[in-house]
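Q: Please choose one part of this chain and take me through it slowly, from its partners to its surroundings. I am in my first year, so please explain each term when it comes up.

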Amino acid sequence: MGKGGGCVPSKKKLPDRVTTAGYRQPPAPIDGSKSPVETSSSDPPTTQNDAVFDPNPTRILKVYIVFYSMYGHVEGLARRMKKGVDAVDGVEGVLYRVAETLSPEVLAHMKAPSKDDSIPEISEAAELAAADGFLFGFPTRYGCMAAQMKSFFDSTGQLWKDQALAGKPAGFFVSTGTQGGGQETTAWTAITQLAHHGMLFVPVGYTFGAGMFKMDTIRGGSPYGAGVFAGDGTREPTDTELALAEHQGKYMAAVVKRLA
């Protein structure tokens, strides 16, 4: 305490870390390897970086593209996203669809086409733990994800309990019926699912470049992720919408590769 009553910082700097030998030791590097002075084989292993340390850096990284599609619009984006993911060396896109919750009778009444059996249905949420990153796609329902995708997220409780998805990157892509139907809010309201799992939301932003500013044609998509306008269900994705989806796949693959 100085004469004026104010606090005077101590001139003695506390050591970052003091060993039993009595010398100062710097903190362990972020990659979990030992510091140059840390040579004793009896030191405990560093576990603080388990969430970001890949014990097998030469393996193929997996981006799971998990989606629900009633009329095929989201599926069209998903297929193009896989093309983008696969274009990045060392990363592979894996397509999965989530389970349908509507009965065949209701789907027939809604004139929904049959599902393509070449894309497997993800059998259980536990399969997500094997992925390095995710792209989740779904149509909008009043500005939020469709119930089929929400039902799938609701089944991830054990993964949440184990924090098995914490630190993994994920993005969204959507389909809406109209231009004001939720291209942004559908993705925005889905971020809560990632937050509770401790996942990293990776928006596409404006990395698509000039394609994000085109005004000559109707285009779905936003900084939150790729998107398509379905209209009454008969409108097909445009070349620009598909190109944005492919770009997002490539962008996500690059992020996953960097984090790994």
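A: In strand 7, the residue that serves as bridge partner of Thr176 is Phe229, and this pair belongs to the parallel pairing of strand 5 with strand 7 (residues 227–229), which extends over three bridges. Two strands are said to pair if DSSP finds at least two bridges between them, while strands (E, at least two residues) and helices (H or I, at least four) are themselves DSSP runs, numbered from the N terminus. The model is predicted, and for that reason local features need pLDDT of at least 70 and side-chain atom pairs count only at pLDDT 80 or more, although totals for chains, interfaces and linings use all residues. Residues are numbered from 1 along each chain as its sequence is written, and side-chain values use heavy atoms, with hydrogens and water left out.

Strand 5, which spans residues 169–176, has further partners. With strand 3 it runs parallel, joined by six bridges, and here Phe138 has Val174 of strand 5 as its bridge partner. With strand 6 (residues 200–201), strand 5 again pairs in the parallel sense, this time over two bridges, and Pro169 stands opposite Leu200 of strand 6.

Next comes the question of cover. Eight of the eight residues of strand 5 are buried, so the strand is largely enclosed by the rest of the structure; buried means under 20% relative accessible area, exposed means over 50%, and partly exposed lies in between (1.4 Å probe, protein chains only). The cover reaches both faces, with Pro169, Gly171, Phe173 and Ser175 buried on one side and Ala170, Phe172, Val174 and Thr176 buried on the other. For the chain as a whole, buried residues make up 40% of the 260 residues.

Strand 5 also helps to build the largest nonpolar core, to which strand 1 (61–67), strand 2 (91–97), strand 3 (133–141), helix 3 (147–154) and strand 5 each supply at least two residues. A nonpolar core is a set of buried Ala, Val, Leu, Ile, Met, Phe, Trp, Tyr and Cys residues joined through side-chain atoms within 4.5 Å. This core has 30 residues, and Tyr64, Val66, Leu128, Phe134, Phe136, Phe138 and Phe152 touch the most other members. In soluble globular proteins, nonpolar side chains tend to be buried together.

Phe134 shows how strand 5 meets its surroundings: leaving out residues up to four places away in sequence, Phe134 touches, among others, Pro169, Ala170 and Gly171, as well as Lys168, Val63 and Tyr64. Contact here means heavy atoms within 4.5 Å.

Lys168 leads on to Ala131, a residue of the loop between helix 2 and strand 3. Apart from neighbours within four places in sequence, Ala131 is in contact with Lys62, Tyr64 and Lys168. The C-alpha atoms of Ala131 and Lys168 are separated by 8.5 Å, although these residues are 37 apart along the chain. Ala131 counts as buried because its relative accessibility is 2%, whereas Ser114, which lies in that loop between helix 2 and strand 3 as well, counts as exposed at 72%.

Finally, strand 5 can be placed within the whole: the chain contains seven helices and seven strands, which follow the pattern β-α-β-α-β-β-α-α-β-α-α-β-β-α along the sequence. Of the contacts in the chain with a separation of 6 or more, 70% are between residues 24 or more positions apart.
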